[in-house]
Amino acid sequence: MFKKILIANRGEIALRVIRTCKEMGIKTVAVYSTADKESLHVRFADEAVCIGPAPSSQSYLNIPNLIAAAEITNADAIHPGYGFLSENAEFSRICAENGIKFIGATPEMINSMGDKSSAKEYMKKAGVPTIPGSEGLLSSAEQGKKLAAKIKYPVIIKATAGGGGRGMRIIKSADEFDKAWNDARQEAKAAFGNDGMYLEKFVEEPRHIEIQIVGDQYGAVCHLSERDCSIQRRHQKLIEETPSPFISDELRERMGQAAIAGAKAINYEGVGTIEFLVDKHKDFYFMEMNTRIQVEHPITEEVVNYDLIKEQIKVAAGIPISGKNYYPQMHAIECRINAEDPKAGFRPSPGKINVLHIPGGHGVRVDTHVYAGYTIPANYDSMIAKLIVSAQTREEAIVKMKRALSEFVIEGVKTTIPFHMAMMDDKNFNEGDFTTSYLDSYDFTQV
């Protein structure tokens with residue numbers, strides 16, 4: 001087992017990793033930018049190293065500084081958390097070259113799944129259902145139009161190096177194709193330095209369902225069932241839950257086995273997620289694989305009583321998994337609490353938290369790095385907390401979430417708490433009747 005782990009991240013996920021390391025008897029090293037000097041992950045780690053100024057390109061994305069921090073503190077492993085360098089093949093490779101264990105996927109695994117067209121080919125070979133579309137990247141708009149006519153509109157074009165909805169356009173007719181093609185390529189080039197595009201059939205009325213998987217170094221892979229991440233705005237998740245109100249036991253089993261097959265296709269090692277789109281007919285299609293821990297991992301932990309961070313560390317240390325699959329014994333919901341103003345288009349609201357009261361009680365969990373007097377920097381993602389509740393049924397979980405949200409007091413900045421309160425009273429949400437586009441027509445002025 002590792003003696004000391006450096007956490008190459010910030011905020012709540014860094015604190016989350018530190019807590020598990022302490023329970024496992026492993027020393028921790030926090031890294032921080034000058035903007036994060038007062039963050040809780042810095043306070044609770046055994047050691048802390050400043051790795052640069054506020055911009056993430058000069059700190060949390062600065063590989064030489066991270067490796068230097070690991071070397072001067074004698075850390076024998078690095079946990080990348082999520083975001084930043086968690087799915088960066090170069091970082092994984094450099095860690096290995098410096099004798100530091102990267103607690104995550106190998107460079108080969110990251111590259112296999114990081115490029116969407118490559119990932120799709122691996123999944124097709126493994127027998128995982130994929131969305132009809134282009135074989136590899138499109139060479140021109142004309143090629144795209146011919147394929148769209150064949151598989152029929154609507155279609156969607158996506159940047160091969162995309163993420164967060166950038167470099168993506170839905171096209172409903174041939175007349176729209178050229179403009180959408182040019183706009184998507186320009187956006188992708190600016191965001192990712194890569195304007196490679198591919199095309200797929202647009203799945204109508206989709207649910208975003210992901211399967212949590214764990215693979216060890218000896219070829220064993222298990223799944224821990226699904227999470228429903230369909231409540232999202234502009235491809236950014238806001239509420240997640242497990243089990244999905246849309247998924248049957250039979251479909252859960254088929255999706256779980258497909259996820260295992262996909263992970264085995266690349267000999268996957270570590271904790272990961274296979275993401276699917278599920279249409280109104282309950283046909284499911286591979287979307288992407290995340291070769292890291294997810295923001296929403298706590299809801300899975302709550303319904304199967306399983307520490308996913310601990311399992312990540314154990315797998316990286318060469319400890320085999322049990323190999324059995326896990327199924328939800330309860331219902332859990334997570335609300336992402338962001339420092340954003342829902343009434344103003346979710347405009348970021350950085351600043352000082354003057355008053356903070358965190359909810360508690362049976363079945364209530366809050367993962368956060370903030371406290372009263374903490375100043376939220378404007379340099380990073382606006383998520384400041386995750387509120388997770390678990391109960392015996394979905395109905396009880398919704399009631400518990402409403403109660404917990406009513407106790408969550410944050411003064412000094414705007415947050416998404418009012419939006420979540422409104423969603424817990426929303427008729428369609430309560431009935432489980434929603435898709436990934438549900439919030440496209442939602443009236444946020446009412447929250």
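Guide: A helix here is a DSSP run of H or I at least four residues long, and a strand is a DSSP run of E at least two long. Counted that way in this predicted model, the chain over residues 1-444 is 32% helix and 28% strand. The C-alpha atoms at the two ends of that stretch are 49 Å apart.

Visitor: What makes residues 1-444 a stretch to report on?

Guide: An unreviewed UniProt entry annotates residues 1-444 as "domain: Biotin carboxylation". That entry type also gives "domain: ATP-grasp" for residues 120-317. Over residues 120-317 the chain is 34% helix and 33% strand, with 30 Å between the end C-alpha atoms. Such annotations may be inferred rather than shown by experiment.

Visitor: Why is Val315 called buried?

Guide: Buried means under 20% relative accessible area. Val315 has a relative accessible area of 1%, so Val315 is buried. Val315 sits in helix α11, residues 308-316.

Visitor: What is Val315 in contact with, leaving aside its neighbours within four places in sequence?

Guide: Val315 is in contact with Val214, Gly215, Asp216, Gln217, Glu269, Gly270 and Ile321. To count as a contact, heavy atoms must lie within 4.5 Å. Asp216 is 99 residues from Val315 along the chain, yet their C-alpha atoms are separated by 5.5 Å.

Visitor: What makes a set of residues a nonpolar core?

Guide: The members must be buried residues of certain kinds, Ile, Met and Phe among them, joined through side-chain atoms within 4.5 Å. The largest such core holds 52 residues. Those touching the most other members are Leu6, Ile78, Phe91, Ile213, Met255 and Phe276. Helix α9, residues 249-265, supplies the largest share of this core, six residues. Domain 1 (4-103) and domain 3 (207-431) each contribute at least three residues. A second, separate core has 41 residues, including Ile353, Ile398, Ile417 and Met424.

Visitor: Why would nonpolar side chains be buried together?

Guide: In soluble globular proteins, that is what nonpolar side chains tend to do. As for one member of the largest core, Ile213: beyond its neighbours within four places in sequence, Ile213 is in contact with residues including Val221, Ala259, Tyr268, Val271 and Met289.

Visitor: Which residues of helix α5 are buried, and what do they pack against?

Guide: In α5, residues 107-114, the buried ones are Pro107, Met109, Ile110, Ser112 and Met113. They pack against α4 (89-97), β5 (101-102), α6 (116-125) and β13 (284-290).

How values were computed
Residues numbered from 1 in each chain as written. Predicted model: local features only at pLDDT ≥ 70, side-chain atom pairs only at ≥ 80, totals over all residues. Heavy atoms only, no water. Buried < 20%, exposed > 50% of the residue type's maximum accessible area, 1.4 Å probe, protein only. Domains from an automatic or database assignment.
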